[in-house]
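Q: Hey, I'm new to this one. Can we go through it together?

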Amino acid sequence: MKPQVDYSLYLVTDSTAAILGDRNLVEVVEQALLGGVTVVQYRDKSNDTGVLISTAKQLHKICQQHSVPLIINDRVDVALAVGCEGVHLGQDDMGITNARQILGDDKIIGATVSSIDEAKVAVEAGADYLGIGTLYATATKKNTKDIIGINGIRKILYYLGHQAGEASQSIKTVCIGGINASNLKLVHHRLYAPSSNSERPKTIDGVAIVSAIIAAKDVREATANLKSLPPALPPFEVDTADAVKSSEEEKLLAAAIPRIIRAVHEKGPLSHNMTNLVVQNFAASVALAIGASPIMSNNGDEAADLAKIGGGLVINMGTATPDSLANHRKAITAYNAAGGPIVLDPVGAGATTARRDALSFLMASGYFDLIKGNEREILGVARASGFILEDSSQQRGVDSGASLLTLAEKAYLVSRIARRERNVVLMTGAVDVISDGTTTYSISNGHAYLGMVTGSGCTLGTTLAAFMSAHPQHKLHAAIAGILHFELAAEAAAARPDVKGPGTFVPAFIDELYHRRIDVVESRVDWLDRAAVK
Ligand code: 3NM
Ligand code: MG
């Protein structure tokens with residue numbers, strides 16, 4: 001009889017030096033079993049058949065001790081030789097129908113699918129489960145065909161959920177590609193629970209993971225941690241329809257802000273900027289002034305090393321090209337794997353088709369801790385996140401243009417996107433609106449000169465990456481502290497008698513960022529009384 005399978009934490013193995021290193025695969029898998037994986041797929045693209053069979057036999061033995069099924073990637077012959085529970089077939093492997101004839105009805109057959117068409121074929125051929133991917137960019141599999149993001153997975157789940165017939169209803173699903181401890185909450189939130197009555201995709205049964213388990217230093221602990229992650233942790237725990245905040249929360253925020261500014265000063269976090277040519281110099285100066293350590297590097301190949309240092313990353317789409325996007329994707333993968341915060345600045349997101357596509361590409365690449373943009377850009381983000389919006393007028397240039405939304409509408413929009421993406425969303429403007437999906441604030445600080453100098457918005461992104469990196473415990477509070485530090489410095493700079501306009505404003509602004517930070521560190525002023533936060 002076919003075994004009942006719990007697909008919730010599906011381990012796919014890898015025997016390469018880059019992921020397994022010089023450790024013994026069987027020992028590593030045993031640790032993962034002790035940590036709680038529920039299915040194991042032996043995937044080995046390099047060893048000879050004799051090694052595959054002997055390794056698979058050892059794996060099968062330890063899997064049986066834990067009552068966990070063992071699936072073999074690609075090799076129906078190896079599965080037969082070992083007598084394990086099934087096979088997993090990619091699009092280029094043996095067809096499902098042939099494999100079924102060879103293996104019989106009692107074995108599990110899984111199939112990799114990246115599109116509705118492929119899902120349809122696999123369902124009709126009698127697959128037991130689908131591995132849907134690639135979810136996020138991953139260094140583990142070089143030849144992934146399509147990075148489809150959360151929305152791509154949802155489309156396939158939606159198709160399956162709405163197909164009549166026993167096969168589509170009963171088929172199991174897991175998603176794969178770039179899943180790790182830092183984005184699993186998002187995956188759970190977006191795929192495990194239907195978000196409303198009008199859109200009801202099939203609920204996914206599990207996640208398939210390679211490197212976040214196999215490459216972990218402590219495999220058992222990493223597995224146990226992945227198992228313990230859902231349901232989502234604070235500050236994302238509340239799932240009420242309206243974003244609310246208590247006076248207690250406001251007090252906590254006020255007390256946190258000076259501490260966060262001091263934390264940036266004391267930790268000097270790396271602020272890694274992948275930003276456009278126009279603002280590099282200004283952004284680096286702002287990073288230094290707030291106490292962060294700037295690095296302006298657009299080379300995706302060095303992102304993995306930088307991510308390990310433990311700072312924050314800014315992805316600024318200002319001068320996006322196919323080349324820069326490929327670099328961005330590498331960096332997103334690296335920072336998501338290391339757990340460091342990423343700020344996405346989707347400059348001009350709605351302005352052209354290329355920029356819309358670039359935003360979808362980036363949002364499919366991984367998880368962003370904060371997305372900031374002006375009103376038009378955030379409307380573009382909403383679309384890329386899968387919200388259906390009435391088509392508003394085409395954006396002109398990267399400046400924001402006239403506002404289309406009321407403050408209440410802005411608050412609604414940012415909180416809905418933040419809840420869907422499990423992150424923080426900031427809509428900048430004369431009044432900034434920021435939300436983590438649970439709590440929403442508006443901030444009425446800043447000065448008009450900020451809008452008259454090139455790249456001030458980008459340098460706010462730089463600031464936020466540093467603040468979130470210095471205070472990872474509470475992303476929303478960290479971001480608000482960064483915004484206030486930035487905007488109150490702008491107000492003070494503009495008020496100086498020697499500042500005559502946007503030109504003289506810039507150096508005064510950098511001075512103010514620096515002096516106000518030192519004032520906070522030395523507890524000299526309580527400038528928060530000028531903050532207009534609601
Ligand atoms: N298959 P990690 S992605 C084996 O998209 C595999 O079909 C994929 O590795 C697909 O968890 C992938 O380390 C690798 O990102 C996933
Ligand atoms: Mg294959």
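Q: How many salt bridges does the rule find across the interface of domain 1 and domain 2?
A: Zero across that interface, with a salt bridge being a side-chain nitrogen of Lys or Arg within 4 Å of a carboxyl oxygen of Asp or Glu. Keep in mind this is a predicted model, where local features need pLDDT of at least 70, side-chain atom pairs count only at pLDDT 80 or more, and totals for chains, interfaces and linings use all residues. Residues are numbered from 1 along each chain as its sequence is written, and side-chain values use heavy atoms, without hydrogens and water.

Q: Where are the two domains?
A: Domain 1 is 9-228 and domain 2 is 257-530, with bounds from an automatic or database domain assignment. Their C-alpha centres lie 36 Å apart. The contact (heavy atoms within 4.5 Å) takes 18 residues from domain 1 and 17 from domain 2.

Q: Which helix gives the most to the side of domain 1 that touches domain 2?
A: H8, with four residues. Helices here are DSSP runs (H or I, at least four residues), numbered from the N terminus.

Q: What about confidence, what does pLDDT average?
A: The average is 89, and 92% of the residues score at least 70; pLDDT is the predictor's confidence in each residue, from 0 to 100.

Q: Where does pLDDT stay under 50?
A: One such stretch is residues 231-243, with 24 contacts beyond four places in sequence. Another is 393-399, with 18 such contacts. Where pLDDT is low, don't read the predicted coordinates in detail.

Key:
Chains are lettered from A and ligands numbered from 1 in the order in which they are written. Helices (H or I, at least four residues) and strands (E, at least two) are DSSP runs, numbered from the N terminus.
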